[in-house]
Amino acid sequence: MDEEKTMEIDKKSFWYSEWSFPILVGIMSAGVFAGTHMYFVYNVGAFNEVAIVAMLKAGMDGGSYGAAAAFGASFLFARILEGSLVGILDLGGSILTGVGIGIPAILLSIGWKAPITNFTLSITTGLVLGLIIGGIITLVRKYTINQSNATFGADVMMGAGNSSGRFLGPLIIISATTASIPIGIGSVIGAVIFYLWKKPIAGGAILGAMIFGAFFPVSLK
Amino acid sequence: MTILVILLKSILIGGLVGFAAGMGAARMFNAPTVQALGAFRTLGEMNACEGDPASHFSFGLGFFFNAWASTVGAGAFTQDVTHRVIPNWAASVLLLKDKKVENTVHNPKKMAIAGAIIGIIVVSFLNTTASAIPKSLQVTAVKVLVPAAELLINIVMPIIFWLSAIDAGRRSGLWATIFGGLSAMIMGNAVPGVVLGILIGKGVDELGWVRITKVMFGAVIVLFVLSAFFRGFDIQMIESFKLQVPSFITNMHNVFNIK
């Protein structure tokens with residue numbers, strides 16, 4: 001109903017407010033922690049890279065959970081502090097690795113299996129962990145960024161973020177040309193079509209590379 | 001029977017993760033005044049698609065094949081599901097209806113709802129399809145997209161942020177250089193350090209060395225010291241200088257190694 005107001009940011013509303021942040025982190029953590037439950041029980045569904053999940057797997061196979069626990073917990077710690085300062089909590093380091101791998105590994109290493117093996121309990125555990133993490137960040141921000149009217153260079157960071165994106169298209173073409181000649185040709189054709197069509201060339205470069213890659217496959221090694 | 005249980009659980013998990021990933025990503029466009037959940041790489045890559053639905057979709061698609069292959073092979077989704085597939089596909093769907101990014105991609109409410117739907121579909125699909133995927137598509141995605149994204153994140157983004165910091169004033173340039181270099185060594189990527197440098201530099205420009213900036217400066221130092229310790233940077237550094245690692249440092253590390 002208030003569609004006209006979406007242009008200006010209402011910092012009191014759920015969608016933009018400081019208080020909703022812990023809830024946001026809670027929802028994400030609940031899903032990710034339950035994803036680890038899926039992996040533990042069904043061997044599918046962990047939200048992380050193969051290499052990181054492998055550390056948890058090492059513990060599950062009877063080895064030590066030490067690597068996964070130390071790796072995950074240290075990531076989580078660093079990201080909480082960094083996230084509150086820069087305004088973007090790194091999802092990969094904090095939630096996927098910290099909550100999804102590190103904390104389950106700690107719990108499993110002390111023999112506390114229930115929060116991981118029981119689905120409902122896994123969602124609840126994740127939710128609580130996320131609420132705590134989001135709460136800490138909101139608290140840290142309260143005593144730093146939010147106490148003043150300074151923007152702390154937000155414009156500089158946004159400007160840099162915007163301009164760095166433009167590099168992706170050319171990078172994809174360069175990367176495609178090193179994969180194989182047909183894939184390189186495909187990505188150039190795709191990029192040219194998108195450019196003439198007045199669209200960002202990154203999308204065309206990927207599609208062109210994949211289409212040519214399907215007809216002229218390369219091997220990974 | 002098991003497949004049905006997996007499907008039902010996947011729907012719930014996908015909905016939760018998709019909702020949060022969409023909402024967190026939209027809030028990134030309003031950071032740091034609004035605390036967001038996402039990543040600088042997601043921000044940079046979404047900006048690269050310039051609000052074009054086809055570009056958002058194909059960028060997500062490339063990483064979807066990668067995630068699919070990884071799930072079929074090892075049961076692991078790859079971080080790309082939350083960092084790239086869900087945010088870009090949610091953006092793509094919303095942009096089909098309204099081209100204005102301010103109304104769609106930057107709107108946490110719309111992105112949360114679109115993200116939840118995409119999340120349900122993607123997670124259910126990944127968890128239930130253990131069958132083979134076209135191998136050639138997976139290989140192309142891995143050989144083309146992964147190196148390009150790595151170059152963007154490890155080389156291009158740090159440099160762009162660094163140059164912006166230098167152009168933004170002597171103080172932000174100085175701190176960005178110090179923290180950026182340290183962060184590249186300790187954390188493996190210079191972007192967090194450069195951003196913290198801009199934060200401190202511009203904070204001091206605007207407020208001076210008052211309590212808030214001092215607290216933040218202290219927090220940054222603590223962040224660097226702790227990440228260095230937990231990543232074993234202290235031991236590596238001492239060894240690289242060809243010195244003996246004092247036993248108390250090794251002992252301290254052993255305390256935190258959970259067996």
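**Interface and empty space in a two-chain model**

Analyst: In this predicted model, 24 residue pairs are in polar contact between chain B and chain A, counting pairs with both residues at pLDDT 80 or more.

User: And how many salt bridges does the rule find across the interface of chain B and chain A?

Analyst: Zero salt bridges turn up there.

User: OK, which element of chain B gives the most to the side that touches chain A?

Analyst: That's α6(B), with 18 residues. Split by class, the side of chain B that touches chain A has 65 nonpolar, 30 polar and 15 charged residues.

User: How many residues are in contact, and what area do the two chains bury?

Analyst: On contacts, 110 residues of chain B meet 104 residues of chain A. Between them the chains bury about 9400 Å², with 73% of that on carbon and sulfur atoms.

User: Switching to holes. How many cavities of 30 Å³ or more does a search of the whole structure find?

Analyst: Two. The largest cavity has a volume of about 80 Å³, and the second largest is about 50 Å³.

User: What lines the largest cavity?

Analyst: From chain A you get A:Ser74, A:Phe75, A:Ala78, A:Arg79 and A:Glu82. Chain B adds B:Met187, B:Ser227, B:Phe230 and B:Arg231. The elements giving two or more residues to that lining are α3 (66-86) of chain A and α9 (211-230) of chain B. Of the elements, α3(A) gives the most, with five residues.

User: And by class?

Analyst: The lining of the largest cavity has four nonpolar, two polar and three charged residues.

User: What about the lining of the second largest cavity, by class?

Analyst: Nine nonpolar, no polar and no charged residues. They are A:Val86, A:Ile88, A:Met157 and A:Met158 from chain A, plus B:Met28, B:Ala31, B:Pro32, B:Phe40 and B:Leu43 from chain B. Here α7 (154-165) of chain A and α2 (40-48) of chain B are the elements that give two or more residues.

User: Now pockets. How much space lies in the largest one?

Analyst: About 950 Å³. There are 35 residues lining the largest pocket, and the closest to its centre are B:Arg41, B:Gln79, B:Ile153, B:Asn154 and B:Asn189.

User: Which helix gives the largest share of that lining?

Analyst: Helix α6 of chain B, residues 135-167, with six residues. That's the helix that also gives the most to the side of chain B touching chain A.

User: And the pocket lining by class?

Analyst: It divides into 16 nonpolar, ten polar and nine charged residues.

Methods. Residues numbered from 1 in each chain as written. Chains lettered and ligands numbered in written order. Predicted model: local features only at pLDDT ≥ 70, side-chain atom pairs only at ≥ 80, totals over all residues. Heavy atoms only, no water. 1 Å grid on protein atoms, 1.4 Å probe; cavity = no way out; pocket = protein on both sides within 12 Å on 5 of 7 lines; lining within 4 Å. Points joined across faces, edges and corners; volume = space filled by probe spheres on them. Helix = DSSP H or I, 4+ residues; strand = E, 2+ residues; numbered from the N terminus. Nonpolar A, V, L, I, M, F, W, Y, C, P; charged D, E, K, R; others polar. Contact = heavy atoms within 4.5 Å. Buried area = accessible area lost by both parts, 1.4 Å probe. Salt bridge = Lys/Arg side-chain N within 4 Å of Asp/Glu carboxyl O. Polar contact = N/O pair within 3.5 Å; in protein donor to acceptor, adjacent residues only side chain to side chain.
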